[in-house]
Amino acid sequence: MYQNSLEFARRCDTNDPLTEFRNKFHIPKDANGNELVYLCGNSLGLQPKTTAKYIRNELDDWAKLGVEGHTEAEHPWLPYHEFLTKKMAEIVGAKPSEVVVMNTLTTNLHLMMVSFYQPTAKKYKIVVESDAFPSDKYAVESQLRFHGFDPKDGLVQWKPREGEILCRFDDLEQIMTEQGEEIALLMIGSTNYYTGQSFPLKKITELGHKFDCMVGFDLAHGAGNIDPELHESGADFAVWCSYKYLNSGPGSLGGCFVHERHARNPNLKRFTGWWGHNKQTRFNMRHEFDPLPGAEGWQLSNPPILSMAAIRASLDVFAEAGFNNIRKKSVKLTGFLEFLIDELHDDRIRIITPRNPEERGCQLSIQVKNANKKLHERLTDAGVISDWREPDVIRVAPAPLYNSYEDVFHFAERLKKILN
Ligand SMILES: Cc1ncc(COP(=O)(O)O)c(C=O)c1O
């Protein structure tokens, strides 16, 4: 169905129902003012043109109102995080009460493990996928140590088989069959940052629950990219960031999901702060901690409104486009990228991301035999912003909201030229 030509790419762009959304973003340019081929939304998403206005509004309200802005701003700051909840929940397939935007990803991961990693002398191990993102691994290892366990024993890695690069579900089943009695938590990246492999969240959750384990996911590479259907998956918790596919700015706040079955569980331990306290009595400042039901009850502090304004701007773009439409385009756009890479017929190149669109988001990880970082630098010189992972992988992620079929075509052409 695809064709290897610029005309075909342009025709796809013309017929793309989301084509005008590219104009809603600032596309970085080279020194001569030409738009770069930006395929790095898996690292930092681009800025919606409306973001500055959303932030400006809050700055203006702050200038005009000072502290009164907490209640009198156009979007009052006291309940500001609530303006984000419904749209964020739609993107990750959760109920609004299950989602809150707060902190950053690794902080949220720790907060979730405080509640959902309650090891005993017998049941204490944590499973992560091999080549989990380093921050996740550090966080998990430190939780093990915090509870007095040695990560060498307590950290179980779900690894690909010898000579393979992707993880097989069967092997996770095997781990659970052999060590399930000792495993307390499965903490898996929903979409692996390196290979781009997306895991079956519901199947993993059912497997974990069968062995009485808690199950959590890191959706850093999933949120705004795949459709994780978090509520339906049954996962106990999930965490994600908003600066990648959710286009909310460098270091912006993260999201957190707590399944509704835990919404009012008084036995769950947690680290607490005043923003997780009952809204009616929060400012009485005297009461014993009375947690809000649902994910909001895990909030610690009053949140940074300027970052939240950027998230609100981005979520409004998502809502306008409709997440289903975004995902539909993503499958087609990444399929086009895959087709063009295959068309290079170069045996030095291997796509290590799964071929099945159900098992990946928009990112393709391309392994290039005997390549080094120079290849990535030459791509950059040719106007392509991609991302290099040692030892030999280029990661490219056409983001359906702002990348075009023409972007993808130019990438493949430039890669071909450089390889030749
Ligand atoms: C998969 C994954 N987990 C965790 C992190 C760390 O996120 P943060 O710095 O927001 O804590 C990242 C950052 O890129 C990531 O990609």
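Helices, as the term is used here, are DSSP runs of H or I with at least four residues, numbered from the N terminus. The structure described is a predicted model. Just after helix 9, D212 adopts a positive phi of about 65 degrees.

Helix 9 itself spans residues 201-210, and its buried positions are L201, I204, T205, L207 and G208. Viewed down the axis of helix 9, these buried residues fall within an arc of 165 degrees, so they line one face of the helix. The spacing agrees with a general property of such elements: an α-helix has 3.6 residues a turn, so residues three or four places apart point the same way. The cover over the buried residues of helix 9 includes three strands and two helices, namely strand 4 (155-158), strand 5 (183-189), strand 6 (214-218), helix 8 (169-179) and helix 10 (230-233).

Helix 1 was examined in the same manner. In this helix, which runs over residues 6-15, the residues L6, F8, A9, C12 and D13 are buried. The buried residues of helix 1 fall within an arc of 165 degrees when seen down its axis, and they therefore line one face of the helix. Exposed residues E7, T14 and N15 are carried on the face of helix 1 that is turned away from the buried side. The packing partners of the buried residues of helix 1 are helix 12 (323-343) and helix 14 (405-419).

The ligand site was considered next. Surrounding the ligand are L105, T106, F133, D136, D218, A220, H221, Y243 and K244. Sorted by class, this shell comprises 4 nonpolar, 2 polar and 3 charged residues. A nitrogen atom of the ligand lies 3.1 Å from a polar side-chain atom of D136. An N or O atom in the side chain of H221 is 3.0 Å from an oxygen atom of the ligand, and a polar side-chain atom of K244 is 2.8 Å from an oxygen atom of the ligand. On its own the ligand has 400 Å² of accessible area, of which the protein covers 81%.

Backbone geometry was also examined in several loops. N103 is located in the loop between strand 2 (99-102) and helix 5 (105-116). Although N103 is not a glycine, its phi is positive, at about 50 degrees. The side chain of N103 forms a polar contact of 2.9 Å with the side chain of N108. When neighbours within four places in sequence are left aside, N103 is in contact with N108, L111, L253 and G254.

N370, another residue other than glycine, has a positive phi near 60 degrees. This residue is placed in the loop between strand 10 (364-368) and helix 13 (373-381). N370 counts as exposed because its relative accessibility is 76%, the cut-off for that class being over 50%.

A cis peptide bond is present between E390 and P391, with omega about 0 degrees. P391 lies in the loop that runs between strand 12 (387-389) and strand 13 (393-396).

How values were computed. Residues numbered from 1 in each chain as written. Predicted model: local features only at pLDDT ≥ 70, side-chain atom pairs only at ≥ 80, totals over all residues. Heavy atoms only, no water. Buried < 20%, exposed > 50% of the residue type's maximum accessible area, 1.4 Å probe, protein only. Arc of directions from axis to C-beta. Contact = heavy atoms within 4.5 Å. Near = heavy atom within 4 Å. Polar contact = N/O pair within 3.5 Å; in protein donor to acceptor, adjacent residues only side chain to side chain. Areas by Shrake-Rupley, 256 points an atom, 1.4 Å probe, with all protein chains shown as cover. Nonpolar A, V, L, I, M, F, W, Y, C, P; charged D, E, K, R; others polar.
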